[in-house]
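The following paragraphs lead through one structural model, from its segments to its side-chain contacts. Please consult the sequence and the coordinates alongside the text.

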Amino acid sequence: MNARDNQIRKRRKNVNKFRIIVSAITIFACVTLLFTIFKQQIQIRNINNVKLEQQTKKDELEKEIKKLSEDSKNLDNPELIEKYAREKLGMVKPNEVLIKDEKEKPKKDTNFTPSPTFDKKPDK
């Protein structure tokens with residue numbers, strides 16, 4: 001019986017080793033699965049944020065396209081051309097006098113750089 005008891009003990013040890021190995025593999029698989037799911041959720045959230053930003057840009061561009069198409073329809077309108085020429089370009093009709101309000105501040109040219117020869121004071 002002693003030999004038979006040894007065989008039973010060896011089988012139990014083998015079965016316990018097998019259970020431990022299977023349990024370790026199962027735990028590893030579950031942890032890996034949880035990390036994968038977590039990473040995918042983060043990616044999905046990032047993709048949804050990008051999608052929302054792109055949708056917002058698309059809506060803004062569609063509004064701009066609509067405005068530009070409306071503006072392009074009015075390009076042949078002489079009244080609007082005259083209005084633009086007067087307001088934006090400061091043009092006047094012949095025999096007209098342009099009167100400017102002194103309260104309005106003239107726009108400064110940001111590209112203007114004074115010449116050093118004009119800024120120097122004459123030496124005495």
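**A helical chain and its salt bridges**

Residues 20-38 are 100% helix and 0% strand, and the C-alpha atoms at the two ends of this span lie 27 Å apart. Helices here are DSSP runs of H or I with at least four residues, strands are runs of E with at least two, and both are numbered from the N terminus. The model is a predicted one, in which local features need pLDDT of at least 70 and side-chain atom pairs count only at pLDDT 80 or more, whereas totals for chains, interfaces and linings use all residues. Residues are numbered from 1 along each chain as its sequence is written, and side-chain values use heavy atoms, with hydrogens and water left out.

The span 20-38 carries the UniProt annotation "transmembrane region", taken from an unreviewed entry. A second annotation from an unreviewed UniProt entry, "coiled-coil region", covers residues 44-78. For residues 44-78, the end C-alpha atoms are 53 Å apart, and the span is 89% helix and 0% strand. UniProt positions follow the numbering used here, feature names are shortened, and such annotations may be inferred rather than shown by experiment.

The chain as a whole contains three helices and zero strands, which gives the pattern α-α-α along the sequence. Of its 124 residues, 1% are buried; buried denotes under 20% relative accessible area, exposed over 50%, and partly exposed the range in between, with a 1.4 Å probe and protein chains only. The chain exposes about 13,400 Å², and carbon and sulfur atoms supply 58% of that area. Accessible areas come from the Shrake-Rupley method with a 1.4 Å probe, and for residues only the protein chains shown count as cover.

Helix α1 comprises residues 2-73 and includes V31. Together with I27 and F35, V31 makes a nonpolar surface patch of about 300 Å². Patches consist of residues with over 30% relative accessible area and no salt bridge; like charges are joined within 9 Å, and nonpolar side chains (Val, Leu, Ile, Met, Phe, Trp, Tyr) within 5 Å. V31 has a relative accessible area of 37% and is therefore partly exposed.

How many salt bridges does a search of the whole structure find? The search finds three, a salt bridge being a side-chain nitrogen of Lys or Arg within 4 Å of a carboxyl oxygen of Asp or Glu. One of them joins E62 to K58, with the closest N and O atoms 3.9 Å apart. These two residues are four positions apart in helix α1, so about one helical turn separates E62 from K58. E62 is partly exposed at a relative accessible area of 43%, and K58 is partly exposed with a value of 43%.

Helix α2, residues 78-87, holds both R86 and E82, which are four residues apart, about one turn of the helix. Their side chains meet in a salt bridge with an N to O distance of 3.1 Å. R86 counts as partly exposed at 32% relative accessibility, and E82 is likewise partly exposed at 32%.

E82 also forms a salt bridge with K93, at 3.5 Å from N to O. Because E82 lies in helix α2 and K93 in the loop between α2 and α3 (116-119), this pair ties together parts that are eleven residues apart in sequence. K93 is partly exposed, with 43% relative accessibility. E82, R86 and K93 are thus linked in a network of salt bridges.
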